[in-house]
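Biologist: I would like to learn to read a model like this one. Please start with a helix and work outwards.

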Amino acid sequence: MLQLAQRKRRVVSLQTSSGLFLGYVLSHNPDVLVLRTITRQGLLTGVRTIGLNTISQVHFDDRYVRLIEFKEHNPEVVYGLPAAPDGLENQYLTVPVLLQRAQEVRQLVMLETQGDNDLYGYVLRLTEDELLLEVYTQYGEADGRTVLNIDDIRSVIWSDEDTRTIELLLKQHGLNEGGTTGE
């Protein structure tokens, strides 16, 4: 697998006794692997030697590694200037106001909830007490619909690295920005 990753110039994820490392295999022998390391954001950080005997797992071409490669190849979108909701500067902002705006402009948001069940998705319907969210995984895969109590939402993240990555993945897969199934 290390030879394949080196030959194809693809990212690997290595679990070692010192932690998890991401990067490109520059060379390896029965004793040492030389890795050009990258962050989980896909940014190059340096070159590191790792003893082959300390590696317990090697991951190649799995969903997580492909996501890191995707971020590395699309930095202008993923790490672009975060978009703020237009026209809200002079309003009294609340969670329901932000959710209403997200629904109006078809903005993918991340919702941090009281139960530590953070969700990415598009607001489909909003009432005084609840919202219906079309949910997506961090990999841009549809993950059903969820009804949430408004009071269970701790925070609304409008545009960050993860939401922009999911939106770009959805666009590249030909899905519209408002989800796959409509209302």
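**Reading helices, sheets and cores**

Modeller: Begin with helix α5, residues 161-172. At 1.5 Å a residue, its twelve residues should span 16 Å, and its end C-alpha atoms are 16 Å apart, so the two agree. Keep in mind that this is a predicted model.

Biologist: How many residues of α5 are buried?

Modeller: Ten of the twelve are buried, so α5 is largely enclosed by the rest of the structure. The buried ones are Glu161, Asp162, Thr163, Arg164, Thr165, Ile166, Glu167, Leu168, Leu169 and Leu170.

Biologist: What covers these buried residues of α5?

Modeller: The cover includes two helices, α2 (63-73) and α3 (75-78). It also includes the strands β6, β7, β8 and β10. Look just past the helix too: Gly174, just after α5, takes a positive phi of about 80°.

Biologist: How do I describe two helices that pack together?

Modeller: Two packed helices are described by the angle between their axes and the distance between the axes. Here, the axes of α2 and α5 come within 11 Å and cross at roughly 95°. An angle from 65 to 115 degrees counts as roughly perpendicular, so α2 is roughly perpendicular to α5.

Biologist: Which residues make the contact between α2 and α5?

Modeller: On α2, Leu67, Phe70 and Lys71. On α5, Glu161, Asp162, Thr165, Leu168, Leu169 and Gln172.

Biologist: Pick one residue of α2. Is Arg63 buried, partly exposed or exposed?

Modeller: Arg63 belongs to helix α2. Its relative accessibility is 39%, so Arg63 counts as partly exposed. Leaving out residues up to four places away in sequence, Arg63 touches Tyr139 and Glu141. Gln138 is 75 residues from Arg63 along the chain, yet their C-alpha atoms are separated by 9.9 Å.

Biologist: Now the sheets. How do strands of a sheet pair?

Modeller: Strands of a sheet pair through backbone hydrogen bonds, either parallel or antiparallel. In this model, one open sheet has five strands in the order β4-β3-β2-β1-β5, with antiparallel pairing. β4 (44-51) and β5 (55-60) stand at the edges. Each has a single partner strand, so one side of each is left without a neighbour in the sheet. The twist averages 40° from one strand to the next.

Biologist: How many bridges join β3 and β4?

Modeller: Seven, in the antiparallel sense; β3 covers residues 32-38. Val32 stands opposite Gly51 in β4.

Biologist: Which strands does α2 lie across?

Modeller: α2 lies across β1 (11-16), β2 (19-28), β3 and β5. It runs at about 130° to β1.

Biologist: What is the strand order of the sheet that holds β6 and β10?

Modeller: The order is β9-β8-β7-β6-β10, an open sheet of five strands with antiparallel pairing. β9 (142-149) and β10 are its edge strands, and each pairs on one side only. Its neighbouring strands are turned by 40° against each other on average, direction ignored. β6 and β10 pair over four bridges, in the antiparallel sense. Leu111 has Val156 in β10 as its bridge partner.

Biologist: Which helices should I place against those strands?

Modeller: α4 packs on the sheet, touching β6, β7, β8 and β10, and its direction makes about 90° with that of β7. α5 lies across β6, β7, β8 and β10, at about 75° to β7.

Biologist: What general idea helps me read the nonpolar side chains?

Modeller: In soluble globular proteins, nonpolar side chains tend to be buried together. In this model, the largest nonpolar core has 15 residues. Leu99, Leu111, Leu131, Leu133 and Val156 have the most contacts inside it. At least two residues of this core come from each of α4 (95-105), β6 (109-113), β7 (119-126), β8 (130-136) and β10 (153-157). Apart from this core lies another, of eleven residues, among them Leu2, Val12, Leu33 and Leu35.

Biologist: Which residues does Leu111 contact, leaving aside neighbours within four places in sequence?

Modeller: The set includes Leu99, Leu131, Leu133, Leu148, Ile153 and Val156. Asn117, Asp118, Leu119 and Ser155 also belong to it.

Biologist: And the protein chain as a whole?

Modeller: The protein chain has five helices and ten strands. Of its 183 residues, 42% are buried. Among contacts between residues at least 6 apart in sequence, 51% join residues at least 24 apart.

Note on methods:
Residues are numbered from 1 along each chain as its sequence is written. This is a predicted model: local features need pLDDT of at least 70, side-chain atom pairs count only at pLDDT 80 or more; totals for chains, interfaces and linings use all residues. Side-chain values use heavy atoms; hydrogens and water are left out. A nonpolar core is a set of buried Ala, Val, Leu, Ile, Met, Phe, Trp, Tyr and Cys residues joined through side-chain atoms within 4.5 Å. Buried means under 20% relative accessible area, exposed over 50%, partly exposed in between (1.4 Å probe, protein chains only). Contact means heavy atoms within 4.5 Å. The expected span of a helix is 1.5 Å times one less than its number of residues. Two strands pair if DSSP finds at least two bridges between them. Axes are lines fitted to C-alpha atoms, for helices over the stretch in contact, and angles run from 0 to 180 degrees between N-to-C directions. Angles under 35 degrees count as roughly parallel, over 145 as roughly antiparallel, 65 to 115 as roughly perpendicular and the rest as oblique.
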